[in-house]
Amino acid sequence: MAITSANQLELLQTAEAVAREKMIDPALVVEAMEDSLARAAKSRYGAEMDIRVRIDRKTGRATFTRVRTVVEPEELENYQAEMTVDEAKQYMDDPKVGDVYEEEVPPVELGRIAAQSAKQVILQRVREAERERQYEEFKDRIGTIINGIVKREEYGNIIVDVGRGEAILRRNEKIGRESYRNGDRIRCYIKDVRRETRGPQIFLSRTAPEFMAELFKMEVPEIYDGIIEIKAVARDPGSRAKIAVISYDSSIDPVGACVGMRGSRVQAVVNELQGEKIDIIPWNEDQATFLVNALQPAEVAKVVIDEDAQRIEVVVPDEQLSLAIGRRGQNVRLASQLTGLDIDILTEEEESRRRQKEFEERTQLFMDTLDLDEFFAQLLVSEGFTNLEEVAYVDLDELLVIDGVDEETAEELQTRAREYLEEQARQALERAKALGVEQSLIDFEGLTPQMVEALAKDGVKTLEDFATCADWELAGGWTTVDGQRVKDEGLLEPFDVSLEEAQNMVMTARVMLGWVDPEDVVASGAEEGDEGDEAAEEETV
């Protein structure tokens, strides 16, 4: 095929037809044609030459140009595409390094192989442009619901036609044992859009909690308008779900608005989710109140929150235990996901037994260590004293409020407690030294002899060893494994060392060893403070 033929407009007509079919910019198709023709010309004139092709956007005429760049003599490598300043003087008036000289060359005749190669280049470029268009179109739709038509099933995964592309609904993102046939309409949540080697992949989901939230936004105008906000969603797909809502208009009941007249609104969502039962719960800033709501329909007698461990104890009447836990632990599991807390459920009888056990253990502790009779030890526990440190170092006035305790008795109690603690510290220090602990770690400020002993038992015997520890190794923490929160025991956790205290001690050790510049620590602390202030402001807003 000769480019110089009379039908030059066919190039533009072909480009427009392809662009319309693939829904991409015609200019991209023309550029692909220019590249393919340039490749064909190089195969004719020589691969070393810099041949460029320009197709006139109005007439369709293809112009072939040979380009040569002016370079320094020592940089001259390709004689076909480069030339020195002296060589350029015969073509240009005042050539300089970096100037470009262009000369038109005769157009080429496309043979069968060249035409096939040009076709492949055009198809590849068009395919790339189509993929980019598809990615750009769907990347901003992440987090929204899309309607599609089931195209086919591959190994349990559903391929969905979403208009200008295909999306995949993986087997684990389907509700229960859903099955679809070709041509079925399907509504899904766009979970992610990613660029991959075979093109952009659109991942759908019907099990994501956000899918339920978006369905409620479609069914409840007050949510769409921002009068009601969905604060949290927890789902056991296809079985049960809990959704927490709050109203910013005191005249509108958030639960009633989501339920709708005779349950019409919530029923529309239930039908879409294959009969999944939905508990709509009023959200509350107070964690305890919110949790009581989240455990509905079970009644809660008492709530005890441990904010440091992000755990919560819920005491329920004996007859409410099975209802609070739910079938296979479903109710308490969903409530835990909704509140972001680990929940321990106890009956009133179990809690009473545990409290009694703690009372007896603390009473025995004071009897053994302070040489007290049972009645006096029980008095201390009843007043809220839980350990020897509290007795030894509390303000004297707090001991004097106990019935039968005068100033002399209070001082004697504190003396006994301090002597016992000092003896325990001395013994712990001796055991630590026997394990080989260096003096640098013993002298480190903030570590008690008992802490040093605990570290030594785990192999931390020098200041260098201590400086290599992570904060969570010392203070403990929580990690999520397979959706379940798992406790990591810290070496110093029995001594109530917080994560922040552990961080400060480790950084202090690193500064003392010269591993870290003190100014960097100060700057880092200032940045964290600024971030904390910004986060606090955002939370307030």
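**A negative patch and an enclosed helix**

Helix α16 gives the largest share of the negative patch, with three residues. The model is a predicted one, and in it the patch sits on the surface, where E389, E390, D395, D397, E398, D406, E407, E408 and E411 gather. Helix α16, spanning 407-434, doesn't do this by itself: α14 (388-393) and α15 (396-400) also put in at least two residues each, as α16 does.

One member of the patch, E389, belongs to helix α14. With a relative accessibility of 42%, E389 is classed as partly exposed, because that class runs between the 20% limit for buried residues and the 50% limit for exposed ones.

E214 makes a handy counterpoint. This glutamate is found in helix α5, which covers residues 209-219. Its relative accessibility comes out at 17%, so E214 counts as buried, given that buried means under 20%. Leaving aside residues up to four places away in sequence, E214 is in touch with G143, I145 and Y189.

Burial shows up again in helix α11, this time along a whole element. Of the ten residues in α11 (residues 330-339), eight are buried, so the helix is largely enclosed by the rest of the structure. The buried set in α11 is made up of Q330, N331, V332, L334, A335, S336, L338 and T339. As for what does the covering, both strands and helices turn up: the cover over these buried residues includes strands β10 (228-236), β11 (240-247), β12 (277-282) and β15 (342-347), along with helices α9 (287-294) and α10 (321-325). After α11 comes G340, a glycine with a positive phi near 75°.

Stepping back to the protein chain, its secondary structure adds up to 22 helices and 17 strands. The chain has 541 residues, and 38% of them are buried. Among contacts with a separation of 6 or more, 53% are between residues 24 or more positions apart. The accessible surface of the chain is about 31,500 Å², and carbon and sulfur atoms account for 46% of that area.

Put side by side, the two glutamates picked out here fall into separate classes: E389 of the surface patch is partly exposed at 42%, whereas E214 in α5 is buried at 17%. Helix α11, for its part, has eight of its ten residues buried.

Methods:
Residues are numbered from 1 along each chain as its sequence is written. This is a predicted model: local features need pLDDT of at least 70, side-chain atom pairs count only at pLDDT 80 or more; totals for chains, interfaces and linings use all residues. Side-chain values use heavy atoms; hydrogens and water are left out. Patches are made of residues with over 30% relative accessible area and no salt bridge: like charges are joined within 9 Å, nonpolar side chains (Val, Leu, Ile, Met, Phe, Trp, Tyr) within 5 Å. Accessible areas come from the Shrake-Rupley method with a 1.4 Å probe; for residues, only the protein chains shown count as cover. A salt bridge is a side-chain nitrogen of Lys or Arg within 4 Å of a carboxyl oxygen of Asp or Glu. Lys and Arg count as positive and Asp and Glu as negative; His and the chain ends are not counted. The place of a charge is taken as NZ of Lys, CZ of Arg, CG of Asp or CD of Glu. Helices (H or I, at least four residues) and strands (E, at least two) are DSSP runs, numbered from the N terminus. Buried means under 20% relative accessible area, exposed over 50%, partly exposed in between (1.4 Å probe, protein chains only). Contact means heavy atoms within 4.5 Å.
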